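Trainee: I'd like a close look at one part of this protein, starting from a single residue in a loop and then working outward to the aromatic rings and the helix contacts. Could you walk me through it?

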Amino acid sequence: MPNRPNRAGPHPAADEASRSLDVVIIGAGFAGLYALYRFRDVLGLDARVYETGDGVGGTWYWNRYPGARCDSESFYYSYSFSEELEQEWEWSSKYPEQPEILAYLNHVADRFDLRRDIQLCTKVLSAAYDESAARWEVTTDRGERISATYVVTAVGCLSAANVPEIPGRDDFRGDWYHTGAWPKQGVDFSGKRVGLIGTGSSGIQATPVIAAQAEHLTVFQRTPNYTVPTRNARLRPEEWAKIKRDYRAIRQKTRETQAGFPYDVLERSAFDVSDEQRREIYEQLWAEGGFKFLWGSFGDLLRDKRANHTAAEFIRSKIREIVKDPGTAEKLCPTDHPYGSKRPPIDTDYYVTFNRPNVSLVDIKRSPIVEITPQGIRTEDATYELDTIVFATGFDAMTGSLLKIDLRGVGGLRLAEKWAAGPRTYLGLQVAGFPNLFTITGPGSPSVLLNMPVAIEQHVDWISDCIEQMRVKGFRTIQPQLDAEDAWVEHVNEVAKQTLFYEAKSWYLGANVPGKPQVFMPYVGGQPLYRQKCEAVATAGYAGFELRA
Ligand code: N01
């Protein structure tokens, strides 16, 4: 069952029940921590973070499932804003596990003395814009009312858990968990018959680790996924010394490349080389591991179906090579979407886990789940007795965590109403009708298509420069002009249509949540173009925004 933090700490004192601030920041993950640092320590604003969890860390606080680790390499999946922080922190390996990333974020909170302005165990319930005062009124589940000039959401793109409404779920006699709300004390699977539903990044990371502990693991797969090995390894002292020497160049590169990694996306086509050379390139990248397989192979994998097919076919050949039972191997081979059109996972020992005698794979596309019974899961053609069910079923991505807050803009317009047909933003940073509300890595920005800390730092820096400029020039409010917002939404969709992203039923499109409008949410134009546009808008005096004194 989803784990929620206990109410730690006292309720706010009466004089704290209503406060006036410059900035309310919602969420204490990567984004919220850096936002607090920038707004408070650099701009000198009275800023405060409100966080539901009883600790900082956001995604890395909630996603404690077995096997959870980052899938961009640690030395660039981290903050770049402080050289001292870079020099003093050393990651154990290329892809550290969740506890280490959480320890890093706790270290950042301490190192920059952020905790005194972070209020934990506090859920923001609503934020309503008061036009006459040009201020936001924010309420929390602890009975507070906070008046703020700015509200900055740092709620994460993948934070609202998607737990499918399968009939009978609540009658299950065993325990069930969602990977994105994992109990702090962990889960002991020893001697347990475990059913895991979902084969996205979370399910693929969790499967080998649960399999190693459980009596039996049954993986319920709706859509097979393409995954490439991470080839995780410890970082040796001489590697660290080099990384530390090169940090500035590494960071600079992450700001210049398509997906925020410190290596180039090669422009060459998959057909610029011979079949043999192509196979060799894929072999090398498979042996090296990680996202380079997608970003460091050929530039047309996400644009040209034939090019994509070469990569997809290579991965299928690897599945058939690794998985001994041919029937299981075929079930694991994805064929219904191009490689990379869904967010590609990277894994440690995923496919080989299906060679274990205590692991079985159930194809629930062929035989869908009918119900959860008190004893387990019943599909159309079989019943599986289980002690524990793990939902690795993902998130109501990009909009879910924003829409959980009752956000009301000018004239009481509800964000949920404005976004009824899908999210609408200008640059993913602001929403017309919601002055002085900023959405870090909001829909319409590259966000989840980038290495996240890079996307977050760019947004926080832009927002903080914007607020500074407003103060210097005497503007009280900023919001997008409607026509600029419309043009941006159109542009985001146009760019996406030129890629293969529309060929998959992905969470990028909202297709994973029943009833959610299907609109491509992240901006696929790539980081260089996006940065250029954001900078040009700012340089032109915030073109497309309406500023009022
Ligand atoms: O979720 P997902 P996730 N019945 O949506 C299936 C990031 N992340 O938590 O494909 C049965 O990708 C669903 O099936 P289908 C990363 O960005 C990062 O794994 O919709 N099955 C799919 O197989 C990632 O992309 C890391 O047919 C159902 C799975 O559940 C994002 O988070 C680690 C179902 C959901 O896959 C989300 O990943 C982990 C139903 N009703 C995650 N509903 C890092 O390493 C859904 N499914 C940094």
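Mentor: Happy to. Alanine 134 is a buried residue, since its relative accessible area is 9% and the limit for buried is under 20%. Keep in mind as we go that this is a predicted model. Alanine 134 sits in the loop that joins strand 4 (124-130) to strand 5 (135-140). Its backbone deserves a look too: alanine 134 is not a glycine, and yet its phi is positive, at about 55°. As background, most residues other than glycine have a negative phi.

Methionine 398 makes a good companion to that residue. Here too phi is positive, at about 70°, in a residue that is not a glycine. Methionine 398 is placed in the loop between strand 16 (388-391) and helix 12 (400-403). With a relative accessibility of 2%, methionine 398 counts as buried.

Now to the aromatic rings. The model has 48 aromatic pairs by the ring-centre rule. Take phenylalanine 75 and tyrosine 76: their ring centres are 5.1 Å apart and their planes stand at 90°, so this pair is edge-to-face. Both phenylalanine 75 and tyrosine 76 are buried. Elsewhere, ring pairs join Phe30, Tyr34, Tyr37, Trp60, Tyr77, Tyr79, Phe81, Trp89, Trp91, Tyr104 and Phe112 into a cluster.

Tryptophan 89 belongs to that cluster, and we can follow it further. Its place is the loop between helix 3 (83-88) and helix 4 (98-111). Tryptophan 89 counts as buried, with a relative accessibility of 16%. Setting aside residues up to four places away in sequence, tryptophan 89 touches Glu100, Ala103, Tyr104, His107, Trp240 and Lys244. One of these contacts, Tyr104, is also a member of the ring cluster. Another is histidine 107; 18 residues separate histidine 107 from tryptophan 89 along the chain, and their C-alpha atoms are 9.1 Å apart.

Charged side chains also meet rings in this model. Arginine 64 lies over the face of tyrosine 61, 4.7 Å from the centre of the ring. Lysine 292 lies over the face of tyrosine 263 in turn, with 5.0 Å to the ring centre.

Let me turn to two buried residues that lie in helices. Arginine 278 is in helix 7 (residues 275-288). Although arginine counts as a charged residue, arginine 278 is buried at 9% relative accessibility. Apart from neighbours within four places in sequence, arginine 278 is in contact with Ala270, Phe271, Val273, Phe298 and Thr310. Phenylalanine 298 is 20 residues from arginine 278 along the chain, and the C-alpha atoms of the two are separated by 9.3 Å.

Alanine 211 is found in helix 5 (residues 201-213). At 0% relative accessibility, alanine 211 counts as buried. Leaving out residues up to four places away in sequence, alanine 211 touches Leu217, Thr353, Arg356, Asn358 and Val359. Measured against glycine 55 instead, alanine 211 is 156 residues away in sequence and 29 Å away in space, C-alpha to C-alpha.

Finally, the helix contacts, where helix 16 is the element to follow. The axes of helix 14 (residues 452-473) and helix 16 (residues 527-539) come within 12 Å and cross at roughly 5°. Helix 14 and helix 16 are therefore roughly parallel to each other. On the helix 14 side, Val454, Gln458, His459 and Trp462 make the contact, and on the helix 16 side Gln527, Tyr530, Arg531, Cys534, Val537 and Ala538 do. By class, the residues of this contact are six nonpolar, three polar and one charged.

Helix 6 (residues 237-256) meets helix 16 at another angle, about 85°, with the axes 7 Å apart. Helix 6 and helix 16 are therefore roughly perpendicular to each other. Here Thr254, Arg255 and Glu256 come from helix 6, while Gln527, Pro528 and Arg531 come from helix 16. The contact of helix 6 with helix 16 has one nonpolar, two polar and three charged residues. Notice that Gln527 and Arg531 of helix 16 take part in the contact with helix 14 and also in the contact with helix 6.

Note on methods: Residues are numbered from 1 along each chain as its sequence is written. This is a predicted model: local features need pLDDT of at least 70, side-chain atom pairs count only at pLDDT 80 or more; totals for chains, interfaces and linings use all residues. Side-chain values use heavy atoms; hydrogens and water are left out. Rings of Phe, Tyr and Trp (its six-membered ring) pair if their centres lie within 6.5 Å; planes under 30 degrees apart count as stacked, over 60 as edge-to-face and the rest as tilted. Buried means under 20% relative accessible area, exposed over 50%, partly exposed in between (1.4 Å probe, protein chains only). A charge sits over a ring if NZ of Lys or CZ of Arg is within 6 Å of the ring centre and within 35 degrees of the ring normal. Axes are lines fitted to C-alpha atoms, for helices over the stretch in contact, and angles run from 0 to 180 degrees between N-to-C directions. Helices (H or I, at least four residues) and strands (E, at least two) are DSSP runs, numbered from the N terminus. Angles under 35 degrees count as roughly parallel, over 145 as roughly antiparallel, 65 to 115 as roughly perpendicular and the rest as oblique. Contact means heavy atoms within 4.5 Å.
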